[in-house]
Amino acid sequence: MTDTPQPIHLGQTSALPQRPEEAVLDYVPNPRPGKPYLVRFTAPEFTSLCPVTGQPDFAHLVIDYAPAATIVESKSLKLFLGAFRNHAAFHEDCTVGIGERLFTEMKPLWLRIGGYWYPRGGIPIDVFWQSGDPPAGMWLPPQDVPGYRGRG
């Protein structure tokens, strides 16, 4: 793909963005275009801030997508997710916002995100979003994050 910008983070020293909106996600050409396959990123130590108390919230995120023309570069994704450490938002906003930004920018064939949040006030909150139906015939493994029982 000739119009894909060169990655700015890959092979470089990159500071953690202070806010998710400041994060630049890098995309590179899909090395296997035209062949539906699944890419999974797992972030078991995702953190953000409670918008009411300012206390940290913790989640195990699982991002699955079927690439089209591009794939997201993993270092830039790590920096984007890390920028949520200073971001105050409800679990639903963080989870769905991450999925929507990736889907809008990358334009994959399909994307889903599961946000498995650790309890606050004794109630774990799990948030799920997907862009639509997955491509026909693509192997879709379960996310395999158990319901909260001392999640590990």
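Mentor: A helix here is a DSSP run of H or I with at least four residues, a strand is a run of E with at least two, and both are numbered from the N terminus. The model before us is predicted. With those terms, A83 is placed in the loop between α1 and α2.

Trainee: How do you know whether A83 is buried or exposed?

Mentor: Buried means under 20% relative accessible area. A83 has a relative accessible area of 0%, so A83 is buried.

Trainee: Which residues are in contact with A83, leaving aside neighbours within four places in sequence?

Mentor: They are L16, P17, Q18, R19 and P20. In addition, the C-alpha atoms of A83 and T47 are 9.0 Å apart in space, while the two residues are 36 apart in sequence.

Trainee: What makes L25 count as buried?

Mentor: The limit is again under 20%. The relative accessibility of L25 is 7%, and therefore L25 counts as buried. L25 lies in the segment before β1 (27–29).

Trainee: Which residues does L25 touch beyond four places in sequence?

Mentor: L25 touches V72, S76, L77, F80, R101, L102 and E105. Of these, S76 is 51 residues away along the chain, yet the C-alpha atoms of L25 and S76 are separated by 5.1 Å.

Trainee: R101 appears in that list. Where is R101 placed?

Mentor: R101 is in helix α2, which covers residues 91–106. Leaving aside neighbours within four places in sequence, R101 is in contact with P20, E21, A23, V24, L25, Y27 and F80.

Trainee: What makes the approach of R101 to A23 a polar contact?

Mentor: A polar atom of the R101 side chain lies 2.6 Å from the backbone oxygen of A23. The cut-off for a pair of N or O atoms is 3.5 Å, so a distance of 2.6 Å falls within it.

Trainee: Why are β2 and β3 said to pair?

Mentor: Pairing requires at least two bridges. β2 and β3 have 9 bridges in the antiparallel sense, so they pair. Among the facing residues, T47 stands opposite F58, and A43 stands opposite L61. The two strands form a hairpin with 6 residues between them, and G54 in the turn has a positive phi of about 80°.

Trainee: Which strand is another partner of β3?

Mentor: β3 also pairs with strand β5 (residues 110–117), in the antiparallel sense over 8 bridges. One of the bridge partners is I113 in β5, which is matched with I63.

Trainee: What makes β3 mostly covered?

Mentor: Strand β3 spans residues 56–66, and 9 of its 11 residues are buried.

Trainee: How do you know which element gives the most to the lining of the largest pocket?

Mentor: β2 gives the most, with 7 residues. Both β2 (39–49) and α1 (74–82) supply at least two residues of that lining. The largest pocket holds about 300 Å³ of space. Its lining has 16 residues, and A43, E45, K78, L81 and G82 lie nearest the centre.

Trainee: How do the lining residues divide into nonpolar, polar and charged?

Mentor: There are 9 nonpolar, 4 polar and 3 charged residues. Among those nearest the centre, A43 is an Ala, and therefore counts as nonpolar. E45 is a Glu and K78 a Lys, so both count as charged. G82 is a Gly and therefore counts as polar.

Definitions and conventions
Residues are numbered from 1 along each chain as its sequence is written. This is a predicted model: local features need pLDDT of at least 70, side-chain atom pairs count only at pLDDT 80 or more; totals for chains, interfaces and linings use all residues. Side-chain values use heavy atoms; hydrogens and water are left out. A polar contact is a pair of N or O atoms within 3.5 Å; within protein, one must be able to donate a hydrogen and the other to accept it, and residues adjacent in sequence count only if both atoms are side-chain atoms. Contact means heavy atoms within 4.5 Å. On a 1 Å grid over the protein atoms alone, a cavity is a set of points where a 1.4 Å probe fits but cannot get out, and a pocket is an open set with protein on both sides within 12 Å along at least five of seven lines; lining residues have an atom within 4 Å of a point. Grid points are joined across faces, edges and corners, and a volume is the space filled by probe spheres set on the points. Buried means under 20% relative accessible area, exposed over 50%, partly exposed in between (1.4 Å probe, protein chains only).
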